Amino acid sequence: MTPVPRLVVAAPASGSGKTTVATGLMAAFAARGLAVSPHKVGPDYIDPGYHALATGRVGRNLDAYLCGPELIAPLFLHGARGCDLAVVEGVMGLYDGAAGQGELASTAHVAKLLRAPVVLVVDASSQSRSVAALVHGFASWDPEIRVGGVILNKVASDRHEALLREALDASGVPVLGVLRRVPQVDTPSRHLGLVPVAERRDAAVDAVAAMAAQVCAGCDLDALMTLARGAGAIPGAAWDAAEALASPARPAGKRGPVVAVAGGRAFTFSYAEHAELLAAAGAEVVTFDPLRDEELPEGTAGLVIGGGFPEVYAAELSANEPLRKAVAGLALSGAPVAAECAGLLYLCRELDGRPMCGVLDAGARMGERLTLGYRDAVAVGDSVLAAAGTRTRGHEFHRTAVEPGAGAAPAWGLTTPVRRVEGFVQQGVHASYLHTHWAAGPGAARRFVERCRTS
């Protein structure tokens, strides 16, 4: 049983101010000298980057659809090791989960699994007494959810605040913060959400500082910490990559196969557990930047290219011809290459008319249509990540299209929301739009590293 002080920051709906409050709380408590563990409900890759900036620790996702409910507490405890406080930012509205799946993967579901109190962030800009009915409804909807306090956002004036507090007096839910209606913190968005930290680091630092100042000025940090400390212990043990793989540690002094992982501004989407699993499987994980580096890391035996925004950096990626040729040569040699979403685009023949690596005989284009949602999938054939018939859950999130959408040997057969095949398997390459979380299937990391040793 592990006691970790913790809060889940939720809201009635998207756009209420969860990210501002959660990130501001993380930064404010970190400024007090506390070790703060940052977490995000759902598959979002971008918010954890701001959380990491606020806390100095890796931002981690808690997704009950991708990983299964049974892994939420262990993954949380893994991230929160040695911390004084954990702050979990919710997703969408408190009770919104995977479409057609009830509470699965909702913020409420994760709060239950973590036995954590919920702080409800309410956009009060267009209401006064009605706020009490709203808060009462959210607090009483599910008796297993403890709404321990409310933070009122976008409050117009002292008079507005007084009306809101008066209305909430009878609700039984204390007001733990009031944030005034101020000019929006500089966190610009584009086609897939906020611009990642890696693309605007100096401005992002200023934005996080502004969030912290706003939260410090308007929230009762002592009361919030007391609420967090009231969370009971979580049964069970923390997740561990080596234990998940049931693999012995690499012998001291023995170098494992080098697995190059794409990073930099164009490839910012990854789950921290992926690199941890690769290392636990015996790999030496080395990050490189396809925008800057003209060569793959020395001794590269395998390549992992995750998600991000190659469409934004298509010209620069294309201009780095030496690296494109190096990637193509590695793939041609039969070495393992795992590419997700942005990585798929990078391996295509071209992206928006600009030459890419040419590993796949496919073209990619930016479009207007957003493809978004959870997917159930099965491996169509054997690949460097999975044996034929392996089942997994994933997530798609992109505004690009690849033609054709699948190769002669597809990567996955999707079963929801519609049946189709997608992605490419050829030689050692596995390329797909599907984002998966390897903690739910650690065998992917083991299989990949084994292929690195033998290819």
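Guide: Two strands count as paired if DSSP finds at least two bridges between them. Strands (E, at least two residues) and helices (H or I, at least four) are DSSP runs, numbered from the N terminus. The model is predicted: local features need pLDDT of at least 70, side-chain atom pairs count only at pLDDT 80 or more, and totals for chains, interfaces and linings use all residues. Residues are numbered from 1 along each chain as its sequence is written, and side-chain values use heavy atoms, leaving out hydrogens and water.

Visitor: Over how many bridges do β1 and β4 pair?

Guide: Strand β1 covers residues 6–10 and β4 covers residues 85–89. L7 stands opposite V87 in β4. The two strands pair in the parallel sense, and the number of bridges is four.

Visitor: Which strands stand at the edges of the sheet?

Guide: The open sheet of seven strands has parallel pairing and the order β3-β2-β4-β1-β5-β6-β7. Each edge strand has a single partner, so one side of each is left without a neighbour in the sheet. These strands are β3 (60–62) and β7 (175–180).

Visitor: Which helix gives the most to the largest nonpolar core?

Guide: A nonpolar core joins buried (under 20% relative accessible area, 1.4 Å probe, protein chains only) Ala, Val, Leu, Ile, Met, Phe, Trp, Tyr and Cys residues through side-chain atoms within 4.5 Å. The largest has 105 residues, and F76 is among those touching the most other members. With seven residues, the helix that gives the most to this core is α1 (residues 18–31).

Visitor: How many residues form the second core?

Guide: This core is separate from the largest one. Its members include I305, Y313, V337 and V402, and its residues number 38.

How values were computed: Buried < 20%, exposed > 50% of the residue type's maximum accessible area, 1.4 Å probe, protein only.
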